[in-house]
Amino acid sequence: MGSLGGAAVARRPRFLCLHGFRTSGEIMRRQVVGKWPAEVTARLDLVFADAPFPAEGKSDVEGIFDPPYYEWFQFDKGFTEYRNLDKCVDYIEDLMIKQGPFDGLMGFSQGSILSAALVGLQQQGLALTRVPNIKYLMIIGGARFRGAIVADKAYAIKIKIPSLHFLGDNDFLKSAGEELIESFVDPFIIRHPKGHTVPRLVDEKSLEVMCHFLDKMEKEISEHSSTEAESPVDVDEKEMCI
């Protein structure tokens, strides 16, 4: 089992966190930081962003979390047609430029659907072309886009980066989450008994999987930082003369 304390690393993995439909970055911060052990969140550098569009209808969290509420894009009842998705992707890329670089994306619900698809599109050079490649994913209550205009591109090839998926036994998106997992190579999976929510990490098995995922990221980041430090810097002789 991995250690919750973690090994000494050059820096913490930095994640851009995309909240659920008609919620907010602050709500997701409370959902994650308020539920996960401090020993876990202390090993992550989490940036919680608001989606670009104010909620166009009632939020399911009204009465639980205070407004304002936002949404990443709009969609039809069949979740096959989308509005403002291109603007949303541009907005996220601008966020990554201004507040990055980021090592990974973390998403819940609508934010998780978007996060997974963005990595698939970026792998093929179809999105997020102005920022470094996303190296890690954390998907909570995820699913695939159903519309062919996105799905045929986003999941055309297996997504190879390390990914951690949370699946709730009573989540209405459970089967959709299982389908999404098939799009990934060697995913880490945490199963929990709750529904469509950010789960608490209280049982030993969940903590063990989380620790293995954190250990893998920290090891890779440390190795990458060491390689960068050891690599000689090429200096042009003409630059030396200036």
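Q: How many bridges join strand 1 to strand 7?
A: Strand 7 spans residues 104-108 and runs parallel to strand 1; strands are DSSP E runs of at least two residues, helices H or I runs of at least four, numbered from the N terminus. This is a predicted model, in which local features need pLDDT of at least 70 and side-chain atom pairs pLDDT 80 or more, while totals for chains, interfaces and linings use all residues. Residues are numbered from 1 along each chain as its sequence is written, and side-chain values use heavy atoms, without hydrogens or water. The number of bridges joining strand 1 to strand 7 is 4.

Q: Which residue of strand 2 is the bridge partner of Leu16?
A: Strand 1 and strand 2 run parallel, joined by 5 bridges (two strands pair at two bridges or more). On the strand 7 side, Leu16 stands opposite Leu105. In strand 2, its bridge partner is Val47.

Q: How many residues of strand 1 are buried?
A: Strand 1 is mostly covered, with buried meaning under 20% relative accessible area for a 1.4 Å probe, protein chains only. Of its 5 residues, the number buried is 4.

Q: Which element gives the most residues to the largest nonpolar core?
A: In this core of 43 residues, Leu16, Ile92, Leu114 and Phe145 touch the most other members (members are buried nonpolar residues other than Pro, joined through side-chain atoms within 4.5 Å). Elements that each supply at least two residues include strand 1 (14-18), helix 3 (85-99) and helix 5 (148-154). With 7 residues, the element that gives the most is helix 4.

Q: Which residues does Ile92 touch, leaving out those up to four places away in sequence?
A: Contact means heavy atoms within 4.5 Å. With that sequence limit, Ile92 touches Leu16, Leu18, Trp72, Leu114 and Leu118.

Q: How many residues form the second, separate core?
A: Among the members of this core are Cys17, Trp36, Phe188 and Leu201. Its residue count is 27.

Q: Which residues lie closest to the centre of the largest pocket?
A: About 650 Å³ of space lies in this pocket. Helix 4 and helix 6 each supply at least two residues of its lining. Of the 28 lining residues, the closest to the centre are Phe21, Ser109, Phe172, Leu173 and His196.

Q: What is the volume of the second largest pocket?
A: Leu85, Asp86, Val89, Leu121 and Val150 are the closest to its centre among 17 lining residues. Strand 6 (82-83), helix 3, helix 4 and helix 5 give two or more residues each to that lining. The pocket's volume is about 340 Å³.

Key: Buried < 20%, exposed > 50% of the residue type's maximum accessible area, 1.4 Å probe, protein only. 1 Å grid on protein atoms, 1.4 Å probe; cavity = no way out; pocket = protein on both sides within 12 Å on 5 of 7 lines; lining within 4 Å. Points joined across faces, edges and corners; volume = space filled by probe spheres on them.
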